[in-house]
Amino acid sequence: MGELVRLVLMKLVNEDLLFNGEASELLKTGGSLETRYVSQMESDTGDRKQIYNVLSSLGVLPSELDCDIVRLVCESVSTRSAHMCAAGLAGVINLMRERRSEEALKITVGIDGSVYKLHPCFRDRFHKIVRDLSPHCEITFIQSEEGSGRGAALISAVACKMAASILTQ
């Protein structure tokens with residue numbers, strides 16, 4: 001998300017719509033605007049201090065209007081991200097319900113990831129869209145504390161067991 005925000009900001013700079021048309025060398029550098037900065041800027045309480053501090057650390061001295069525009073860009077990108085993730089999960093959940101020929105599916109989904117855990121709005125946006133796109137499903141979300149490594153190991157173990165059972169049939 002951070003890189004997407006940076007690319008949008010650079011487009012606005014190049015069109016003279018942000019930072020008086022001037023970007024710092026750091027802001028021009030790919031990967032310089034980390035996703036955690038997007039979370040920090042969206043956590044701003046309205047005084048623009050968080051946004052100003054992040055942009056200053058990137059070598060930019062923003063106006064109040066610049067800060068407002070950057071916040072809008074962050075909100076737009078993170079909302080789109082939450083919607084895209086939600087659409088993928090809703091598609092899987094709806095397919096599960098259809099394949100099981102169930103009128104309503106009750107399911108628990110475990111989720112992990114720093115954006116889900118730390119972004120101030122991502123989780124709520126994500127939950128809402130998954131539920132909106134899966135109206136015949138009762139979905140419970142639980143935050144995984146195990147980390148992606150353990151989850152990947154569990155998925156691999158289940159896949160291996162399923163493959164072994166298919167081969168022995």
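The dialogue below concerns aromatic pairs and unusual backbone angles in a predicted model.

Trainee: How many aromatic pairs does a search of the whole structure find, and by what is a pair of aromatic rings described?

Mentor: A pair of aromatic rings is described by the distance of the centres and the angle of the planes. In this model the search of the whole structure yields three aromatic pairs. One of them joins Tyr116 and Phe126, whose ring centres are 6.2 Å apart with planes at 85°, so this pair is edge-to-face. Because Tyr116 belongs to helix H6 (residues 114-118) and Phe126 to helix H7 (residues 122-133), the contact ties together parts that are ten residues apart in sequence.

Trainee: What is the geometry of the rings of Phe122 and Phe126?

Mentor: Their centres lie 6.1 Å apart and their planes meet at 10°, so the pair is stacked. Phe122 and Phe126 are four residues apart in helix H7, and are thus separated by about one helical turn. Both Phe122 and Phe126 are buried, and Tyr116 is buried as well. Ring pairs link Tyr116, Phe122, Phe126 and Phe141 into a cluster, while the charged end of Arg123 sits over the ring of Tyr116, 5.1 Å from its centre.

Trainee: Which sign of phi do most residues other than glycine have, and where is Asn20 placed?

Mentor: Most residues other than glycine have a negative phi. Asn20, although not a glycine, has a positive phi of about 55°, and is placed in the loop between helix H1 (2-14) and helix H2 (25-28), where Asn20 is exposed with a relative accessible area of 75%. Ser101 also has a positive phi, near 55°; Ser101 lies in the loop between helix H5 (64-99) and strand E1 (105-111) and is exposed, with a relative accessible area of 67%.

Notes:
Residues numbered from 1 in each chain as written. Predicted model: local features only at pLDDT ≥ 70, side-chain atom pairs only at ≥ 80, totals over all residues. Heavy atoms only, no water. Phe/Tyr/Trp six-rings, centres within 6.5 Å; stacked < 30°, edge-to-face > 60°. Helix = DSSP H or I, 4+ residues; strand = E, 2+ residues; numbered from the N terminus. Buried < 20%, exposed > 50% of the residue type's maximum accessible area, 1.4 Å probe, protein only. Lys NZ or Arg CZ within 6 Å of the ring centre and 35° of its normal.
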